[in-house]
Amino acid sequence: MREPIVLPLTNAAATRSLGIKLGRCLPAGSTILLEGDLGSGKTTLVQGIGAGLGINEPIQSPTFTLISEYLEGRIPLYHFDLYRLEPTEITELQPEIYWEGIEFAPGIVAIEWAEKLDYKPLDYLQIRLMHRSDRDRLAEISCFGDFQLDDAFIT
């Protein structure tokens, strides 16, 4: 792992904009593990990823559906929300079949509340969203395994 990239996100539009950039540049087979408190912007970031992929369908937090699949964009987006799940329920959900491309076409797998995962993919992008004030946030972006993120996309 290299040093994390820390970006200020001054409002929800900046969070969405970061997501749009990710959606435009990340290849199929990318897994994004999202961490942060309630209201930190995880779903807003995923909405931006969807916009960057060209998905027109509204993206909402899948808190009660657990997984939302969006197949109309450049590549599929698989959006997980683990907030209400216990470890055994997460295991039963089998998120690895999405990030390993076993049963689903490779796309971008975005997992909210990823800190609840007992196991993670070998290669992934971790984004921690943190409150600085009522509206300001920080995004701490880290690459794990062989995941590559072009620093130029952030500038």
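A salt bridge here is a side-chain nitrogen of Lys or Arg within 4 Å of a carboxyl oxygen of Asp or Glu. With that in hand, let us walk through this model, which is a predicted one.

Arg128 is a good place to start. Its salt bridge with Glu140 has the closest N and O atoms 3.4 Å apart. Since Arg128 belongs to strand S6 and Glu140 to strand S7, the pair ties together parts that are 12 residues apart in sequence. Arg128 also forms a salt bridge with Glu35, and there the closest N and O atoms are 2.9 Å apart. This second contact reaches from strand S6 to strand S2, so it ties together parts that are 93 residues apart in sequence. Taken together, Glu35, Arg128 and Glu140 are linked in a network of salt bridges.

How do the burial values look for the pair of Arg128 and Glu35? Arg128 has 34% relative accessibility and therefore counts as partly exposed. Glu35, with a relative accessible area of 10%, is buried.

Searching the whole structure gives three salt bridges. One of them joins Arg132 and Asp136, with the closest N and O atoms 3.7 Å apart. Arg132 is partly exposed at 47% relative accessibility, and Asp136 is partly exposed too, with a relative accessible area of 23%.

Now follow Glu35 back into its strand. In S2, seven of the seven residues are buried, so this strand is largely enclosed by the rest of the structure. In a regular strand the side chains alternate between the two faces of the sheet. In S2 both faces are covered: one side carries Ser30, Ile32, Leu34 and Gly36, the other Thr31, Leu33 and Glu35, and all of these are buried.

Which strands pair with S2? S5 runs parallel to S2 and is joined to it by five bridges. Within that pairing, Leu33 has Ile111 of S5 as its bridge partner. S6 also pairs with S2 in the parallel sense, over five bridges. There, the bridge partner of Glu35 is Arg128, so the residues that share the 2.9 Å salt bridge are bridge partners in the strand pairing as well.

From the strands we can move on to the nonpolar packing. The largest nonpolar core has 27 residues, and Leu22, Leu77, Leu125, Ile127 and Ile141 are those with the most contacts inside it. The elements giving two or more residues to this core are strand S1 (5–9), helix H1 (12–25), strand S2 (30–36), helix H2 (42–53), strand S5 (108–112), strand S6 (124–131) and strand S7 (137–144). H2 gives the most, with four residues.

Leu125 is a helpful residue to display here. Leaving aside residues up to four places away in sequence, Leu125 touches Leu22, Thr31, Ile32, Leu33, Ile141, Ser142, Cys143, Phe147 and Leu149. There is also a second, separate core, of 17 residues, and Ile67, Phe80, Ile97 and Trp99 are among its members.

Last come the aromatic rings. A pair of aromatic rings is described by the distance of the centres and the angle of the planes. The whole structure holds seven aromatic pairs. Tyr83 and Trp113 make a tilted one, at 4.8 Å centre to centre and 45° between the planes. Tyr83 sits in the loop between strand S4 (77–81) and helix H3 (87–93), while Trp113 sits in the loop between S5 and S6, so the pair ties together parts that are 30 residues apart in sequence. Tyr83 is partly exposed at 33% relative accessibility, whereas Trp113 is buried at 13%.

In the pair of Tyr124 and Phe144, the ring centres are 4.7 Å apart and the planes lie at 10°, so this pair is stacked; planes count as stacked when they are under 30 degrees apart. Tyr124 comes from strand S6 and Phe144 from strand S7, so the rings tie together parts that are 20 residues apart in sequence. Tyr124 counts as buried at 8% relative accessibility, and Phe144 as partly exposed at 21%.

Two further ring features are worth a look. Ring pairs link Tyr78, Phe80, Tyr98 and Phe104 into a cluster, and one of these residues, Phe80, is also included in the second core. Back at Trp113, the charged end of Lys42 sits over the ring, 4.1 Å from its centre.

Conventions
Residues are numbered from 1 along each chain as its sequence is written. This is a predicted model: local features need pLDDT of at least 70, side-chain atom pairs count only at pLDDT 80 or more; totals for chains, interfaces and linings use all residues. Side-chain values use heavy atoms; hydrogens and water are left out. A nonpolar core is a set of buried Ala, Val, Leu, Ile, Met, Phe, Trp, Tyr and Cys residues joined through side-chain atoms within 4.5 Å. Buried means under 20% relative accessible area, exposed over 50%, partly exposed in between (1.4 Å probe, protein chains only). Contact means heavy atoms within 4.5 Å. Two strands pair if DSSP finds at least two bridges between them. Rings of Phe, Tyr and Trp (its six-membered ring) pair if their centres lie within 6.5 Å; planes under 30 degrees apart count as stacked, over 60 as edge-to-face and the rest as tilted. A charge sits over a ring if NZ of Lys or CZ of Arg is within 6 Å of the ring centre and within 35 degrees of the ring normal.
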